[in-house]
Amino acid sequence: MIAPTASVSLLGTTALLFEAPGELALPSQQRIWALAREAQAWPEVREAVPGMNNLMLTFERPPRSAEALDALEARLQAAWDAALPLPLEGRVVELPVVYGGEGGPHMADVVAHTGLSVEEIVELHSTPVYPVYALGSHPGYCYLGGMDPRIATPRRKVPVLSIPGGAVSIGGVQTGVSASAGPSGWNTIGSTAMTFFDPSQDPPARLQPGDMIRFRVQEVIR
């Protein structure tokens, strides 16, 4: 059987996006972490940034010809094929969450889509320990894996213009916590008071890939 190949696309003239084949899952994401660690040591690479089942490379010396780009793509594919899952062992961070109420304005939409009660949604959402797959979207934001598929809810057809920092939301098969105020197409079901990004700290992002989040039920407002 021929192994599926990755997709590689240019991001302007100084960056490249490597997209791994297959579905999003922790073993695949751990291979992305391993590939990022290897590519970061390549002399032409300025930064290797893991995303959700993908890797962005920015360059000190971008490939300047089709031949150089083809060679880099082949090198990335070979490194991906050889990559073994890298189990980063981070911290487990507990986040107290107030579910529903003003801080969870879309809980009713999740109830309507899933057919579950508020209590069932809260239980299913707060039970897993969620690995941080990647940081992105905005500073400090964590993409999490491991949400129970029974509470998966499509993203909103009309995005909300602004949700506050600390908003706990569901978008498709994923859940996450907003690190700062801004627009969102996800369904906000609760809120937490934790600060996820502080530029005065080193590193400024509180969480890193390999850390884990546990949502603790502080209160449920119906």
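Is arginine 46 buried, partly exposed or exposed, and at what relative accessibility? In this predicted model, arginine 46 counts as partly exposed because its relative accessibility is 49%, a value that falls under the 50% above which a residue would be called exposed.

**View 1. Arginine 46 and glutamate 60 form a salt bridge.** The closest N and O atoms of the two side chains are 3.7 Å apart. The pair links distant parts of the chain, with arginine 46 in strand 3 (residues 45-50) and glutamate 60, 14 residues apart from it, in the loop between strand 4 (54-59) and helix 2 (66-82). Glutamate 60 is partly exposed, with a relative accessible area of 45%.

**View 2. Seven strands form an open sheet with mixed pairing.** The strands follow the order 7-6-13-5-12-9-10. Strand 7 (142-144) and strand 10 (174-177) stand at the edges, and each has a single partner strand, so one side of each is left without a neighbour in the sheet. From one strand to the next the twist averages 45°. Within the sheet, strand 5 (residues 92-100) and strand 12 (residues 187-191) run antiparallel and are joined by two bridges, and tyrosine 99 stands opposite glycine 190 in strand 12.

**View 3. Helix 3 and helix 4 lie across strands of the sheet.** Helix 3 (residues 107-114) lies across strand 5, strand 9 (167-171) and strand 12, and runs at about 125° to strand 12. Helix 4 (residues 118-126) lies across strands that include strand 6 (129-135) and strand 13 (212-221), and its direction makes an angle of about 160° with strand 13.

**View 4. Aspartate 109 and arginine 156 meet in a salt bridge.** The N to O distance between these side chains is 2.8 Å. Aspartate 109 belongs to helix 3, whereas arginine 156 lies in the loop between strand 7 and strand 8 (160-163), so that the pair links parts of the chain 47 residues apart. Both ends are partly exposed, aspartate 109 at 33% relative accessibility and arginine 156 with a relative accessible area of 26%.

**View 5. Aspartate 148 and arginine 150 form a salt bridge, with an N to O distance of 2.8 Å.** Aspartate 148 is buried, with a relative accessible area of 15%, whereas arginine 150, at 54% relative accessibility, counts as exposed. The count for the model comes to seven salt bridges.

**View 6. The largest nonpolar core has 27 residues.** Those with the most contacts inside this core are Leu95, Tyr99, Met107, Leu144, Ile151, Ile189 and Phe215. The elements that give two or more residues to the core include strand 5, helix 3, helix 4 and strand 13. Leaving aside residues up to four places away in sequence, leucine 144 touches several residues, among them Met52, Tyr130, Val132, Ile213 and Phe215. Another core, of 19 residues, lies apart from the largest one and has Ala6, Ala20, Leu69 and Ala79 among its members.

**View 7. The count of aromatic pairs comes to four.** The rings of phenylalanine 18 and tryptophan 80 have their centres 5.8 Å apart and their planes at 55°, so this pair is tilted. Phenylalanine 18 lies in strand 2 (residues 15-19) and tryptophan 80 in helix 2, so the pair ties together parts that are 62 residues apart in sequence; both residues are buried. The rings of tyrosine 141 and tyrosine 143, with centres 5.1 Å apart and planes at 80°, form an edge-to-face pair. Tyrosine 141 is buried, with a relative accessible area of 7%, and Tyr141, Tyr143 and Trp186 form one aromatic cluster.

Key
Residues are numbered from 1 along each chain as its sequence is written. This is a predicted model: local features need pLDDT of at least 70, side-chain atom pairs count only at pLDDT 80 or more; totals for chains, interfaces and linings use all residues. Side-chain values use heavy atoms; hydrogens and water are left out. Two strands pair if DSSP finds at least two bridges between them. Helices (H or I, at least four residues) and strands (E, at least two) are DSSP runs, numbered from the N terminus. Axes are lines fitted to C-alpha atoms, for helices over the stretch in contact, and angles run from 0 to 180 degrees between N-to-C directions. Contact means heavy atoms within 4.5 Å. A salt bridge is a side-chain nitrogen of Lys or Arg within 4 Å of a carboxyl oxygen of Asp or Glu. Buried means under 20% relative accessible area, exposed over 50%, partly exposed in between (1.4 Å probe, protein chains only). A nonpolar core is a set of buried Ala, Val, Leu, Ile, Met, Phe, Trp, Tyr and Cys residues joined through side-chain atoms within 4.5 Å. Rings of Phe, Tyr and Trp (its six-membered ring) pair if their centres lie within 6.5 Å; planes under 30 degrees apart count as stacked, over 60 as edge-to-face and the rest as tilted.
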